[in-house]
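Welcome, and please open the structure in your viewer. We will go from the whole chain to its pockets, one selection at a time.

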Amino acid sequence: MTLATQLILKHGNSERADSKGSDELSIGDAIQQCPFFDVFSKDLQVTIANYLELSTVVAGDKLFAKGDWGDFMGFVVAGELEVFLDEGRDRTFVAKMSPGDVFGEMAVVDDLPRSASCSATTGGRVIVLFRESMRKMIHNEPELSMLVMLQVARTLSLRLRSANALIAD
């Protein structure tokens, strides 16, 4: 069982489609708060909600560890996450993820182990797209899945440009 699945089961907090949680935030509301979905029409936002889950994270929760098999990507709705390499004294900070940020996106593109770890630094909410849901979307909604992959490619491209700039400096 993956850490993401354990996290969802541990908190019993996974919500699908437009169900409301204890804080009355629906997946539809959460989607509208994430810039990743801004290019999606309202109809496509409603459709993609059926493939997503909304989860609560608690400060200190490890969403995944470097070397884990990646089976999901996520979108920060509320709170903050930290992406880092290694553990303990050798821990190397990679990025802080805030509301609107995308994390773990390489997991829906490749079948390789995670290249970094990710933990919640505060409590919050995340939208999760599991690899299996992405595969179902590819089969059932090819136009929608192409738009998701285009947005993932844009995200990866921006991160690569940023890394290139850091190396050049």
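A residue counts as buried when its relative accessible area is under 20%. By that cut-off, 46% of the 169 residues of the protein chain are buried in this predicted model.

**The whole chain.** Start by showing the protein chain as a cartoon. You will find five helices and nine strands, and from start to end they run α-β-α-α-β-β-β-β-β-β-β-β-α-α. Now switch on the surface: the accessible area of the protein chain is about 8,800 Å², with 56% of that belonging to carbon and sulfur atoms. If you look at contacts between residues at least 6 apart in sequence, 73% of them join residues at least 24 apart.

**The largest pocket.** Next, select Val94, Glu105, Met106, Ser115 and Arg159, which lie nearest the centre of the largest pocket among its 26 lining residues. This pocket holds about 680 Å³ of space. Then colour β5 (81–85), β6 (92–97), β7 (102–103) and α5 (142–168), each of which supplies at least two residues of the lining. Which of the elements gives the most to this lining? It is α5, with seven residues. Colouring the lining by class shows 18 nonpolar, four polar and four charged residues.

**The second largest pocket.** Finally, select Pro35, Phe36, Gly100, Asp101, Val102, Gln151, Arg154, Thr155, Leu158 and Arg159, the lining of the second largest pocket. About 180 Å³ of space lies here. Once more α5 gives the most, this time with five residues. By class, the lining of this pocket has four nonpolar, three polar and three charged residues. Keep Arg159 highlighted as you finish: this residue lines the second largest pocket and is also one of the residues nearest the centre of the largest pocket.

Note on methods:
Residues numbered from 1 in each chain as written. Predicted model: local features only at pLDDT ≥ 70, side-chain atom pairs only at ≥ 80, totals over all residues. Heavy atoms only, no water. Helix = DSSP H or I, 4+ residues; strand = E, 2+ residues; numbered from the N terminus. Buried < 20%, exposed > 50% of the residue type's maximum accessible area, 1.4 Å probe, protein only. Contact = heavy atoms within 4.5 Å. Areas by Shrake-Rupley, 256 points an atom, 1.4 Å probe, with all protein chains shown as cover. 1 Å grid on protein atoms, 1.4 Å probe; cavity = no way out; pocket = protein on both sides within 12 Å on 5 of 7 lines; lining within 4 Å. Points joined across faces, edges and corners; volume = space filled by probe spheres on them. Nonpolar A, V, L, I, M, F, W, Y, C, P; charged D, E, K, R; others polar.
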